[in-house]
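Trainee: I would like to go through this model with you, starting with the ligand and ending with the backbone.
Mentor: Put the structure up and ask.

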Amino acid sequence: MAGANEWSNWAGNQKAKAARVATPQSASEVVEVLRAAADDGLTVKAVGSGHSFTPAAVTDGVLIKPTGLTRLKQIDKEAGLVTVESGMPLHQLNALLAENGLALTNMGDIQVQTVAGAIGTGTHGTGRTSGSIAAQVAALELVLAGGEIVNCSPEQNAELFQAARLGVGAVGYVTAVTFRTEPAFLLTAREEPMRLDAVLDGFDDLVADNEHFEFYWFPYTDRTNIKRNNRATGPAAPLSGFRHWMDDEFLSNSVFGAAQRLARTAPRLTRTVQKVSGSALSARTYTDRSDKVFTSPRRVKFVEMEYAIPRAAFVEVFREVTRTINASSWNVNFPIEVRVVPGDDLWLSTAHGRETAYIACHMYQGTRFDEYFKAVEQIFTAHEGRPHWGKMHTRDAEYLGKTYPRFEDFLGVRDRVDPKRLFANEYTRRVFGE
Ligand SMILES: Cc1cc2nc3c(=O)[nH]c(=O)nc-3n(C[C@H](O)[C@H](O)[C@H](O)COP(=O)(O)OP(=O)(O)OC[C@H]3O[C@@H](n4cnc5c(N)ncnc54)[C@H](O)[C@@H]3O)c2cc1C
């Protein structure tokens, strides 16, 4: 059994043994935790729900758990502004917003992350005009290394806001997040198989014609499953309980998980599993509350690398990825996921200043990913790819500094607010430098 100070992430590929663990219940308790750590010469790291694949939350200093800070602080329905404490999980936020007739504009494919963890690494979904969760943040409250509790927004401490709303845990301890929400809405999801060539040839139209377009490609096959989510006036027509269980629990989790375990034991079966998986999910259409359409349970454990590349280069890059995988001897056992977002202005956003396509490569937990991830990373970095801050990659500050035009500005804010690097760990030293 893990000791009280031992921690590992969801995927099990990152572990930490902290000097001590703290669970503050308020911003002033966070101040005390930071002061005590500094007095003892320890560093501090916040952890959310441990859903990053990178060592972003790993520490041998003080590990701050999020569970003491999960309350609603303020809600202004008229303005759509909702302030919650930083450790609130997204599913709790979504339920709270729904009760009040509000919703986030866009989100990723799961909702178990904490709000601070999700924004801290740039968690995103797919959207023609709507971007990441951090792009929906209107203001933050955080505790700086020196113990000051500060508020920031585009109008107040604007540079700190830019750095901290997507700060990979390196700028301060975020205690509260204010979201800019909108009136609750329904989405109609249309999911269906499509040949890969048809998707790539029609990619620009598929993105332009849908508010939220994404697809999964099944390696070694010409099969994809495409998903189009668009706003609907209603009425809601959710999947029946049985169909939901069959597709999202039984096929996508139980059967897929069993097939992955089989392929892990007998890797030569991987290509057959991909073919069967590519044909298993049939077309379906349903209309439901936005967060229920955006997210679904992901119980089959995996590790993941995801890169953001300029949209303009996507089709060329993706064809190179498919050629490389098909010609390889690797047993790529998970589908490859593609999403898009518009360019934004967040300093460390993977979509900063450019229309972006994301290519996400997953491998079942416990199977070999090293050669595969290394080869696709080379393709991505040859096209100015930016790695997701929470997903596996090998980039360092020298590379990242060249791909983010505001990288130096970010480092400048960090120097100002954390000169002694209270919030440093091995990961921040690699990606931001000492
Ligand atoms: C099954 C699965 C599905 C996923 N789906 C998506 C997806 O659809 N889209 C996507 O973009 N990503 C996705 N991810 C990645 C995930 O959203 C990010 O890694 C996210 O950061 C995880 O949030 P968390 O709460 O687990 O934070 P953690 O991983 O625990 O922490 C992430 C970072 O945030 C910092 N942090 C946490 N709390 C605070 C705080 N209070 N103050 C300051 N810093 C803090 C940590 O120090 C760390 O640097 C997925 C991951 C998994 C495992």
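**Ligand, domains and backbone**

Trainee: How far is an oxygen atom of the ligand from an N or O atom in the side chain of Arg339?
Mentor: This is a predicted model, so the distance is a computed one. A polar contact needs a pair of N or O atoms within 3.5 Å. The side chain of Arg339 places such an atom from a ligand oxygen at 2.8 Å.

Trainee: What percentage of the ligand's accessible area does the protein cover?
Mentor: On its own, the ligand has 980 Å² of accessible area. The share of this that the protein covers is 98%.

Trainee: Which residue has a backbone N or O atom 2.8 Å from a nitrogen atom of the ligand?
Mentor: Backbone atoms of two residues can be considered here. Ser49 has a backbone N or O atom 2.9 Å from the ligand, but the ligand atom there is an oxygen. The contact to a ligand nitrogen, at 2.8 Å, is made by the backbone of His124.

Trainee: Which element gives the largest share of the shell around the ligand?
Mentor: β4 (44–46), α3 (115–120) and β11 (173–180) each supply at least two residues of the shell. The largest share is 3 residues, and it comes from α3.

Trainee: By class, how many residues of the shell are polar?
Mentor: The shell around the ligand holds 34 residues, with Ala46, Gly48, His51, Ser52 and Thr121 coming nearest. Of the classes, nonpolar has 12 residues and charged has 5, while the number of polar residues is 17.

Trainee: Where does the ligand lie with respect to domain 1 and domain 2?
Mentor: The domain assignment gives domain 1 as 72–183 and domain 2 as 186–387. Both domains give residues to the shell around the ligand, so the ligand lies between them.

Trainee: Which three residues of domain 1 supply more of the area it buries against domain 2 than any other three?
Mentor: The two domains bury about 2400 Å² between them, 53% of it on carbon and sulfur atoms. On the side of domain 1, 31% of the buried area comes from Asp109, Thr126 and Arg128.

Trainee: Which residues does a cis peptide bond join?
Mentor: Most peptide bonds are trans. Here an omega of about 0° marks a cis bond before Pro235, a residue in the loop between β15 (223–232) and α7 (241–265). The joined residues are Gly234 and Pro235.

Trainee: What is the phi of Tyr220?
Mentor: Tyr220 lies in the loop between β14 (212–217) and β15. Most residues other than glycine have a negative phi. Tyr220 has a positive phi, near 70°.

Technical notes: Residues are numbered from 1 along each chain as its sequence is written. This is a predicted model: local features need pLDDT of at least 70, side-chain atom pairs count only at pLDDT 80 or more; totals for chains, interfaces and linings use all residues. Side-chain values use heavy atoms; hydrogens and water are left out. A residue is near a molecule or strand if one of its heavy atoms lies within 4 Å of it. A polar contact is a pair of N or O atoms within 3.5 Å; within protein, one must be able to donate a hydrogen and the other to accept it, and residues adjacent in sequence count only if both atoms are side-chain atoms. Accessible areas come from the Shrake-Rupley method with a 1.4 Å probe; for residues, only the protein chains shown count as cover. Helices (H or I, at least four residues) and strands (E, at least two) are DSSP runs, numbered from the N terminus. Ala, Val, Leu, Ile, Met, Phe, Trp, Tyr, Cys and Pro count as nonpolar, Asp, Glu, Lys and Arg as charged, and the others, Gly among them, as polar. Domain bounds come from an automatic or database domain assignment. Buried area is the accessible area (1.4 Å probe) that two parts lose on being put together, summed over both.
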